[in-house]
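I opened this notebook to record what I looked up in the structure. The entries follow in the order of my reading.

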Amino acid sequence: MNVKKPADLRSHAWYGDEGLRAFGHRSRTRQMGIGAEEHLGKPVIGIVNTWSEINPCHTHLRQRAEEVKRGVWQAGGYPVELPAISLSEPFQKPSTMLYRNLLAMETEELLRSYPIDGAVLMGGCDKTTPALLMGAASMDIPAIFVPAGPMLRGNWRGTTLGSGSDVWKFWADKRAGVIGEQEWAEIEEGIARSPGHCMTMGTASTMTSAAEALGMTLPGAASILAADSAHARMAAATGIRIVEMVWNDRKPSQILDERAYLDAVATVLALGGSTNAVIHLIAMARRSKAKLTLDDFDAVSRKVPVLANVRPTGAYLMEDFYYAGGLRALLWQLREVLHLDRLTATGHTFGEVIEGAEVHDADVIRPLDKPVWPEGGVAILRGNLAPNGAVIKHAAMDARFLQHTGPAVVFDNYKDLQARINDESLPITPDTVLVLRGTGPKGGPGMPEYGMLPIPDRLLKQGVRDMLRLSDARMSGTSYGACVLHISPESHIGGPLAFVRDGDRITLDVAARRLDVDLSDEELERRRAEWTAPAPAYGRGYGALYLEHIGQAEDGCDFDFLAREGVVAEPESR
Ligand code: FES
Ligand code: MG
């Protein structure tokens with residue numbers, strides 16, 4: 001049932017009237033070889049594409065955009081592709097996180113400033129998913145997401161290799177002398193062998209799955225492998241669907257409510273997903289004017305077990321997860337804790353789109369009574385070292401650190417860490433608590449994924465594979481270990497982490513959700529008085545804008561001027 005007529009379309013303000021500007025828009029469309037009958041009165045669909053030759057996770061999105069266009073044309077729409085900055089996790093320095101808000105801003109302004117009636121958002125590599133959805137939520141015109149899909153399993157001498165996770169594992173083996181140059185070179189050739197994003201449960205698989213759980217994709221879309229022909233068909237079907245969404249005026253604000261975000265949190269936790277999701281979902285929820293806090297993650301975590309047996313928490317990879325039934329099958333098992341009656345982009349309720357989805361391999365997608373881990377993968381910690389919160393992925397760590405006290409060895413920044421971690425004169429034992437600071441949203445800058453601090457070579461050779469590590473950084477979703485992350489406030493702005501010294505005793509107690517340093521308030525205040533803030537990393541340009549406006553982790557690291565409410569008028573012609 002259409003609620004819109006052609007004259008109601010947003011693009012009508014560009015093409016529809018009799019004035020000089022509209023003449024210009026029409027004549028310039030003729031210039032592109034498009035006849036009047038091909039586009040006038042049709043929904044204009046902006047395909048925001050993060051394809052780039054520097055992004056291996058999105059190489060297929062150039063072709064997929066063509067398939068989306070095929071669907072749009074078939075449904076009676078007019079597709080226009082809008083290239084947007086590609087945040088390529090393997091290449092972009094210092095961190096793609098520095099640029100998530102830039103892509104969010106670009107997405108929003110592309111949709112606003114052009115005659116776009118509906119948007120197809122194309123991404124998947126880590127930060128691209130939250131960025132595209134944040135921009136679309138703020139713009140609030142009909143929008144749907146095409147997840148890039150995971151790459152095929154890695155392969156090395158007949159064993160499967162997982163993105164990230166196996167890099168860390170074999171890098172440790174190489175440094176410990178377990179494998180040599182030849183093996184390492186073969187792993188380089190076998191670990192990433194098709195288009196698509198990381199196929200472990202890293203940030204990419206976590207966030208595309210969250211997008212599906214939010215209701216912002218076609219059913220099942222997030223689990224489809226990039227290289228599978230089903231992926232091309234999903235892209236075309238998405239093109240068809242967005243045209244209907246425009247006629248029905250199905251906007252993100254009708255889909256992305258508080259229930260949707262709580263369901264996304266439950267999904268992420270049942271997947272044993274990336275800790276980065278904590279930051280991204282909070283940022284996305286704020287754009288949707290939905291309330292979501294760190295405490296929601298902890299509360300949901302206590303009632304949702306990890307069901308996806310996918311690395312780094314579990315054993316398998318996204319290819320196995322897809323064949324086992326994919327996200328819909330997992331969600332159907334989880335239905336008791338989900339909000340089934342809310343609306344999705346399909347026009348159907350969430351319950352309808354997951355109904356009856358079957359698990360084909362109960363070892364990959366576990367039943368509730370045989371979970372990979374009895375509670376959700378993420379715990380939120382507080383204490384005198386993290387007054388505003390910290391995060392730990394306690395499902396993917398050595399259980400002996402769940403409650404642990406040890407002396408600190410402190411590194412002031414990443415360079416300091418690199419320079420001294422193997423310094424034999426440091427009193428590091430397996431019980432030491434390694435502390436890294438200067439790596440938060442402002443200090444990093446961009447909160448890089450330094451949170452899985454390397455274990456000193458000499459301990460690796462003794463067989464040590466996990467230690468308690470603390471930082472104000474993030475950690476790759478493919479990483480693992482006893483790493484306390486996102487400590488807030490960050491050290492750069494005078495959070496307590498800034499005042500820790502070598503030898504201070506630090507206690508982690510996951511069951512009590514506590515992270516404390518054994519120092520009195522008076523001693524912390526005394527050290528604060530002696531402390532001078534580090535110099536900002538940028539004096540001009542985007543970096544300076546970033547430093548002036550970036551928020552802390554518990555608020556989602558959005559820019560203050562993007563997160564806040566306020567009027568933005570529709571653009572008018574000159
Ligand atoms: Fe793109 Fe991992 S590098 S998803
Ligand atoms: Mg990553």
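Across which strands does helix 4 lie? I found that helix 4 (residues 61–74) lies across strand 1, strand 2, strand 3 (118–123) and strand 4, and runs at about 165° to strand 1. Axes are lines fitted to C-alpha atoms, for helices over the stretch in contact, and angles run from 0 to 180 degrees between N-to-C directions. Helices (H or I, at least four residues) and strands (E, at least two) are DSSP runs, numbered from the N terminus.

I noted that this is a predicted model, in which local features need pLDDT of at least 70 and side-chain atom pairs count only at pLDDT 80 or more, while totals for chains, interfaces and linings use all residues. Residues are numbered from 1 along each chain as its sequence is written, and chains are lettered from A and ligands numbered from 1 in the order in which they are written.

I next looked up the sheet. It is open, with 4 strands in the order 2-1-3-4 and parallel pairing (two strands pair if DSSP finds at least two bridges between them). Strand 2 (78–83) and strand 4 (143–147) each have a single partner strand, so one side of each is without a neighbour in the sheet. From one strand to the next, the twist averages 20°. Strand 1 (residues 44–49) pairs with strand 2 in the parallel sense over 6 bridges. Isoleucine 47 has glutamate 81 of strand 2 as its bridge partner.

Last, I turned to a helix pair. The axes of helix 12 (residues 258–270) and helix 14 (residues 294–301) come within 10 Å and cross at roughly 55°.

Conventions:
Contact = placed C-beta atoms within 7 Å.
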